[in-house]
Amino acid sequence: MFLPFSWSCFGCACLGEGQFTAVDKHHSCLNTRAIIEYFEAQSPEAVPALLAGLGPEIAVLADPREFLLEANNWVSSEAVIQMFDNARRITGQADIAFDIGFQSAARKKLGYVQRIIMFAYKNPRSTLKRVQAINDKFNKNKQIEVVSTSRDRAVIRLHWFPHIPGHLDFCRFNQGIYSGIPTVWNLPPAQVVETQCFFQGDGYCEYHLKWDKKSFWRESWLRLLAPWSLLRSTIRELEQDKELLKHKFHETHTLNLQLREKIDKLECLQQTSAAAMSLLFMEDMVQFCLGLLIKFTKLDRGVIFLLDDQEQTLSVQEAVGFDPERLARVRDWRISRFDPEQLIARVALDGSLAVFPQGASGEPAQPDPLLNTLQFSTGLAAPLMVRQQIIGVLLAGVQPGAVITEADREFVTSFANQMAIALENSRLYGQLETSERHYRGLVENAHEGIWIVEVNGVIKFANRRMEEITGAGDLAGKNLADFWDPENYRQVETILAQNREGRVVQQELEIISQNRGPVAVIMSSVPLMENGRFLGTFAMFSDISEKKAMEKQLWQHQKMEAIGTLAGGIAHNFNNLLMNIMGLTGLVLAGLDGDDPARADLKLIEQEVVKGSALTKQMLSLGRGGVFAPKPIDLNALIDKAAGLFCRTRSGVTITRKLAPDLPPVEADPGQMEQVMLNLLVNAWQAMSRQGNMTLASEAVTLSEAFCGSYKRPPGLYVHLSLTDTGAGMDEPTLARIFEPFFTTKDVGQGTGLGLATVYAIIKNHRGIIRVDSHPGQGTTFHIFLPVSAKAVVTEPSRDDAILRGAGTVLLVDDEDGVRMVAGRILQQLGYQILLAPSGLRALEIYRQDRGRIDLVIMDMLMPGMGGAETFQELKGIDPGVRVLLSSGYAMDEEVQQVMAAGARGFIQKPYRIAKLSHKVAEALGTP
């Protein structure tokens with residue numbers, strides 16, 4: 001049976017986006033029958049492939065072939081398009097649709113359509129004149145316009161309906177039919193020329209047909225002999241088939257509606273399941289799934305209530321299809337799971353699906369506050385259950401009067417199960433996301449640097465602290481080899497090899513920072529393993545560079561203290577020797593005439609003793625700080641004085657001064673600070689090979705606790721002094737030793753190695769900070785920080801160095817026999833009577849016995865047994881008004897200052913000249 005034109009119903013009525021009524025079958029199965037019969041004649045083995053992939057409407061049929069061969073059945077345009085596509089793929093012929101159309105017209109199986117054409121119309125022309133009438137009975141996807149006809153020619157236009165799916169194969173199929181029509185009367189095929197094509201952008205398809213004329217006598221003879229009774233019986237058969245067609249269409253329509261409903265429900269469940277796996281945010285997922293429920297089913301409203309396990313209450317989570325104002329009335333409701341008046345509470349309690357109104361299931365209806373508030377009259381309530389545990393209730397409604405079938409109950413139950421899984425997935429994802437967010441927050445804000453490295457050495461993840469340590473941003477994707485020098489990278493490779501064996505390794509390394517250079521870190525590397533397979537490493541880095549610097553400074557501090565103690569002890573004993581030499585020399589000089597030839601030699605001895613005394617003062621500075629008489633001074637004035645003096649004695653040196661005006665005073669010993677300045681200037685001069693530029697700068701600064709902590713100094717206001725030279729600079733090993741006594745990089749005879757060690761000790765004793773910045777070839781800068789003094793600057797009066805003689809009795813206390821002998825003779829020569837004591841205990845005995853005639857006690861601070869400080873306290877106990885002059889080979893340290901504060905009259909450091917001793921004794925006795 002062939003079909004002249006693509007028979008189909010008119011199309012579909014659109015209800016909404018993506019939704020159609022069941023009237024969506026565009027083609028009579030005469031079309032599909034023509035295609036199937038073509039393949040059964042040509043290659044019957046290809047028929048299964050021809051019927052593959054025709055969509056769910058065909059796939060659900062028990063016997064698709066039988067259905068598609070029945071002329072009274074109808075299919076969608078999409079199914080016919082797919083069949084033509086399958087036919088083209090099977091045969092490899094691009095124009096297979098034309099051949100199928102031609103063969104369907106040319107076959108002589110004489111169905112009733114062919115009988116109508118042959119016995120009613122008798123020739124191609126009369127048939128084509130009635131083509132529109134035939135099309136109206138069997139086709140609704142186009143309008144046919146017969147533009148012109150003659151005995152052997154015709155022009156026909158096909159106006160396709162654009163809202164009905166179509167394809168170029170439809171055009172080719174019709175061309176084949178038109179070409180084959182003349183063969184029904186045993187004429188040659190018609191010549192068909194298409195001048196315009198709708199499927200190639202024109203407004204319609206236009207065909208120009210030409211066929212051979214039929215003999216006049218033959219046509220007349222056939223008309224005379226036509227069996228009119230057969231024609232009438234054919235018409236009756238056609239009418240009967242028409243009624244049968246209507247009945248089958250009604251049945252098909254009903255089945256299509258049911259099929260569509262099932263397909264929609266299946267699609268709803270399928271998309272809900274997909275949403276459960278993809279939409280992990282609860283609000284988005286619930287809104288989407290409830291939207292599917294309304295889109296694909298007769299349900300028009302839906303609301304999800306979730307159960308709070310702790311409070312055992314139900315509350316609204318999400319809803320669709322409700323008036324927002326009405327829904328807002330129940331947003332904050334907390335419905336007890338045990339409230340018998342609430343339908344959703346009963347469903348949540350017993351876990352069974354319920355239909356409302358309750359009378360619909362035979363139960364007595366009772367008022368429900370929630371349903372009444374939502375104006376919910378007809379619908380279903382289904383429990384949301386996961387692993388036999390109810391987590392909420394789905395409330396779904398339909399229009400009043402709608403019938404809720406058993407299929408509806410089954411569908412809502414299935415949908416509720418899918419929703420429960422989706423909600424549980426969303427809840428678990430929320431917990432996972434929260435946990436991950438907390439974990440990421442901990443990792444990102446951790447004090448330690450963290451990175452994760454893959455097996456190939458590529459950094460997969462790094463936190464902000466790791467970026468700070470490396471000085472590089474966006475570490476992900478970089479190779480860890482870029483952050484180590486060769487030596488440290490060899491150690492890293494060893495660590496990774498141990499990680500591959502499943503071992504956790506911790507080691508101190510130096511990582512290269514792009515903005516800080518080498519940074520000392522402790523790397524803790526943990527292997528990441530899965531089923532015994534090494535996936536990479538998780539490493540934590542603790543930046544210990546500051547700790548290492550503090551350890552270095554502490555080590556330097558302890559080393560300097562140890563060296564200073566040793567040097568101070570040596571200097572103390574050496575000062576006692578110098579004291580004896582200087583005292584005896586002075587006594588001999590005092591007894592010689594002015595023209596005695598030995599006088600010059602004795603003066604030379606005295607000068608050498610002074611040089612030795614200067615050396616011991618430097619050594620004492622390493623130990624107890626030398627002579628320390630702090631007072632508020634103007635550091636700018638001292639700097640200016642020292643720089644001026646240095647420039648006058650050194651050529652080839654330029655000193656630039658950048659001194660801040662109104663610099664606050666510092667409390668310091670002027671002599672020691674001058675020594676600091678001169679030592680630094682000499683060191684810079686020698687570093688520049690005795691010519692170059694120096695810069696002296698001063699400013700007031702506020703030091704932070706972080707900066708001062710490593711130096712064990714309190715934060716606050718400081719005066720910052722800096723000296724910068726243009727010398728050769730120093731490397732790290734040299735910088736580590738520059739403050740060590742007797743360490744020098746100068747040639748023999750160019751320095752003792754005590755200059756910078758003395759500077760370090762003096763600044764330390766002034767409770768200041770000293771640090772050095774230097775690099776080879778870039779010069780050196782010394783930084784000195786001294787705490788600001790709240791006192792005003794004190795001007796030192798000039799002193800007369802003439803010898804002062806006196807009278808009275810002096811108790812001289814010293815454990816050194818030579819010192820007692822020499823100092824006693826000096827005091828006698830100055831006019832004083834002498835009492836001698838070798839220890840503190842003996843001094844107390846003498847003072848108790850002769851305190852009435854003792855005017856002054858000169859006492860050494862460092863003595864075995866009872867020292868000077870303790871002896872002074874005992875003397876005060878005997879006589880609160882006792883006059884004491886302290887003496888020591890050490891400088892004026894904290895112990896001396898405490899004794900001075902307790903009432904001692906003065907302090908003199910050994911060795912001393914006769915003139916200096918005479919002035920100190922006079923000051924202690926209060927005589928001019």
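In this predicted model, strand E24 (residues 716-725) pairs with strand E26 (residues 780-787). The two strands are antiparallel and share 8 bridges. One such pair sets Thr-724 opposite Thr-781 in E26. E24 also pairs with strand E23 (residues 692-703), again in the antiparallel sense. Here 10 bridges join the strands. Met-694 has Asp-725 of E24 as its bridge partner. E24 is mostly covered, with 7 of its 10 residues buried.

Met-694 also takes part in a contact with Thr-654. Thr-654 belongs to strand E21 (residues 653-659). Leaving aside residues up to four places away in sequence, Thr-654 touches Gly-692, Asn-693 and Met-694. Its C-alpha atom is separated by 8.4 Å from that of Thr-695, although the two residues are 41 apart along the chain. Thr-654 has a relative accessibility of 42%. It counts as partly exposed because that value falls between the 20% limit for buried residues and the 50% limit for exposed ones.

Helix H19 (residues 486-500) contains 15 residues. From first C-alpha to last, H19 reaches 21 Å, close to the 21 Å expected at 1.5 Å a residue. Its buried residues are Asn-488, Val-492, Ile-495, Leu-496, Gln-498 and Asn-499. Viewed down the helix axis, these residues fall within an arc of 155 degrees, so they line one face of H19. In general, an α-helix has 3.6 residues a turn, so residues three or four places apart point the same way. Pro-486, Glu-487 and Arg-490 are exposed on the other side of H19. The cover over the buried residues includes strands E17 (505-513), E18 (517-530) and E19 (533-543). Just after the helix, Gly-502 adopts a positive phi of about 90 degrees.

The largest nonpolar core holds 48 residues. Within this core, Phe-39, Leu-68, Ile-100 and Tyr-178 touch the most other members. Several elements each supply at least two of the core residues, including helix H1 (29-42), helix H5 (77-91), helix H6 (96-106) and helix H10 (168-180). Strands E6 (153-160) and E8 (205-210) each do so too. Ile-100 illustrates the contacts: beyond residues up to four places away in sequence, Ile-100 touches Ala-34, Ile-35, Tyr-38, Phe-39, Phe-84, Ala-87 and Phe-173. Another core, of 39 residues, lies apart from the largest one. Among its members are Leu-635, Ala-668, Val-676 and Met-677.

Note on methods. Residues are numbered from 1 along each chain as its sequence is written. This is a predicted model: local features need pLDDT of at least 70, side-chain atom pairs count only at pLDDT 80 or more; totals for chains, interfaces and linings use all residues. Side-chain values use heavy atoms; hydrogens and water are left out. Buried means under 20% relative accessible area, exposed over 50%, partly exposed in between (1.4 Å probe, protein chains only). Helices (H or I, at least four residues) and strands (E, at least two) are DSSP runs, numbered from the N terminus. Two strands pair if DSSP finds at least two bridges between them. A nonpolar core is a set of buried Ala, Val, Leu, Ile, Met, Phe, Trp, Tyr and Cys residues joined through side-chain atoms within 4.5 Å. Contact means heavy atoms within 4.5 Å. The expected span of a helix is 1.5 Å times one less than its number of residues. The arc is that of the directions from the helix axis to the C-beta atoms.
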